Amino acid sequence: MTKNLSIALIVLGLAGPACASESALSSPATPHASFAQSQTPVSLIGETTEAAMHEEIDSLASMTRILDNLHSVRTGGIDQQADQDVFDALASAIDTIPSSKDFLEKRDNAALVAFYKERNFRTAWFENGELTPSARKLAFALSRADRDGLDPADFTTPALTVSRTRGSKPADIAASDIELSRAITRYTRQAYAGRVDPRIFSKKVVTIKPHYPDSIEALKKITRAKNPRVVMRGYNPDHPGFVALRKEYNRLRLTKSDTTTPDVPEGRSMKVGMRDTRVALLRKKLDLPVPAENADLYSKALSQKVKDYQAANGLIADGIAGKATLAVLNKNPADLIPDIIANMERWRWLPRDLGKFHIMVNIPSFHVEVVNNGKKIHETRVVVGKSRHKTPIFSDEMEYVVVNPYWNVPRSIATKELLPQIKSDPGSFFSKRNYQVLASVKGRTRVVDPYKLDWEKVEPGMVRLRQTPGTRNALGNVKFLFPNQHAVYLHDTPSRSLFNRDYRAFSHGCVRVQNPMDFADVILSRTEKWGAGRLKSMIGGDEKWVSLSHKVPVHIVYFTTWMAENGTLQLRSDIYGHNAKVKKALGL
């Protein structure tokens, strides 16, 4: 009887309205409920034989399992169909992306099409019609793109309220997924290559082609990443110079300061003993008290304060308040953030791999440094091109060190400067300056006697000029050659007095090195059996070339703002106006 009672309770539980599984899955509209309502009530104990009762129980239990399974499949089918509706809407939206004449927009669109086709038009940032946690974090990171010197307004992200449970349509979900992918694509491109195309400058002064990232691979990496925000922001340069400058930029933009002091006007260099009405302004800039008496006197004590400031800012610490010192001193805090953003932009123009062993010439600071494994191992002063003969910005590889070099005069210098002097007095010119004349004779370039030429009939392009090796040679005793379209290189110079000045833009475009033999010793350290001592023994006589066993990357850059190793922000004058042009292009 106990056995029969247990069976009866099971039967009642399966058929009755109190069944847990039925109450959870059934409703008046569900097949399960319909089935339950249409069945003949199960007979109670004593009304059927025990065998018949067991058969009825087994039949009912089997049918219940079938209906539960059907109900589960149908519920899942509804979700799958909703997802498929989104995928179909996404495919339709991708197919209808409008064409664009803008190269960058066209490039971004092509990446989106390829990315979604490879995913078979599955959403990247929505699951079950809801934004994923990663998508929300990425949207937040894009809203704070100004941390990286970019403009958050460039990266439109979807509304966080787009959701299937809130009634968003498949087309809205699809559009939001594409919108976030587009924002990520644009961010990684700008973070990697910059917002300003370096080709806004003349090829004569900037020879850099944008190096864009693989946008399809960027999207794939970010979707797969455990920490997508870190991967996305990783498209910014990882050069220590960029990272340090970004840190200072974020510190400054979060520091409110309304205190500014008037600029110190340009004029005569102020030295000890001079009297000048600008002295009081200079004291205010240095946060020094202005004395009641002799407020216009440039004293020894003031000169020492200027020396301290110059030393901290990478200037020649001579205590003289000249043009270069005032240019740095006059930078007010309000000016710094736009300048820093523009300099961060130019970091993005550089190759990601500068080379473990590389050379970097910074034009505004008039310095060259050699870096090995991220550490500066040599630094010296340089002279760069005048404003009308700008040293170009580009990257290349040094291949040779040339001792006792000839100077092959660039055509522009020969035409505009030397040819008028030659025509004025050929005898005097060639007797004092050690120049040779080269011309084509019977199809071959040969050295010709300058005194046999009728210089009044010589036109630009008919001959070439070169200066022979020697103490008067404009290139000095050694040059460092990295063949390039600008015919620019680093070299020695007989005019050494210019290195004692703060402002050193006096060349025709090439870079003059203050201590060329020390520089050569560092450069040749990776070429076996070569060094400065051996080079010095070769000085005098014919031109000789030394091939470097390892090519050395050379980067000629233009940074007016950077962080020194001691943690101080360095500021330099925008001698060519490049920084102003980048700021304008950025809308700063």
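**Why the terms fit: strands, helices and burial**

Author: Strand β6 (residues 394-403) and strand β15 run antiparallel and are joined by nine bridges. The model is a predicted one, in which local features need pLDDT of at least 70 and side-chain atom pairs count only at pLDDT 80 or more, while totals for chains, interfaces and linings use all residues. Residues are numbered from 1 along each chain as its sequence is written, and side-chain values use heavy atoms, with hydrogens and water left out.

Reader: Why are β6 and β15 called paired strands?

Author: Two strands pair if DSSP finds at least two bridges between them. Nine bridges join β6 to β15, so the requirement is met. Within this pairing, F394 stands opposite I556 in β15.

Reader: Which way does strand β3 run relative to β15, and what makes them a pair?

Author: Strand β3 (residues 357-362) runs parallel to β15 (residues 544-557), and four bridges join them. Four satisfies the minimum of two, so β3 and β15 pair. The bridge partner of N362 in β15 is V557.

Reader: What makes β7 and β9 edge strands?

Author: An open sheet of four strands has the order β7-β10-β8-β9, with antiparallel pairing. Both β7 (407-408) and β9 (444-448) pair on one side only, and they are the edge strands. Elsewhere in the order, β8 (residues 435-441) and β10 (residues 464-467) are joined by four bridges, and Q436 stands opposite R466 in β10.

Reader: Why are helices α5 and α8 called oblique?

Author: Helix α5 (residues 103-118) packs against helix α8 (residues 215-224) at an angle of about 50°, their axes being 8 Å apart. That angle makes α5 oblique to α8, because under 35 degrees counts as roughly parallel, over 145 as roughly antiparallel, 65 to 115 as roughly perpendicular and the rest as oblique. The contact (heavy atoms within 4.5 Å) is made by residues including R107, L112 and F115 of α5 and I216, L219 and K220 of α8. By class, the contact has six nonpolar, two polar and three charged residues.

Reader: How do you know whether α6 and α7 are oblique or roughly perpendicular?

Author: The angle between α6 (residues 133-143) and α7 (residues 170-193) is about 50°, and the axes are 11 Å apart. This angle lies outside the range of 65 to 115, and α6 and α7 are therefore oblique to each other. Their crossing is left-handed, whereas that of α5 and α8 is right-handed.

Reader: Which residues meet where α6 and α7 pack?

Author: In α6, A135, L138 and L142 meet L180, A183, I184 and Y187 of α7. The contact of α6 with α7 has seven nonpolar, no polar and no charged residues.

Reader: Why is D148 called buried?

Author: D148 lies in the loop between α6 and α7. Its relative accessibility is 1%, and buried means under 20% (exposed is over 50%, partly exposed in between), so D148 counts as buried. Beyond its neighbours within four places in sequence, D148 is in contact with residues including Y187, R233 and R348.

Reader: What makes helix α17 largely enclosed?

Author: Of the eight residues of α17 (residues 516-523), six are buried, so the helix is largely enclosed by the rest of the structure. The buried residues are P516, M517, F519, A520, V522 and I523.

Reader: How many residues does the chain have, and what share of them is buried?

Author: The chain has 588 residues, and buried residues make up 45% of them. It contains 19 helices and 17 strands.

Notes
Axes fitted to C-alpha atoms, helices over the stretch in contact; angles between N-to-C directions. Left-handed = near helix turned anticlockwise from the far one by under 90°. Nonpolar A, V, L, I, M, F, W, Y, C, P; charged D, E, K, R; others polar. Buried < 20%, exposed > 50% of the residue type's maximum accessible area, 1.4 Å probe, protein only.
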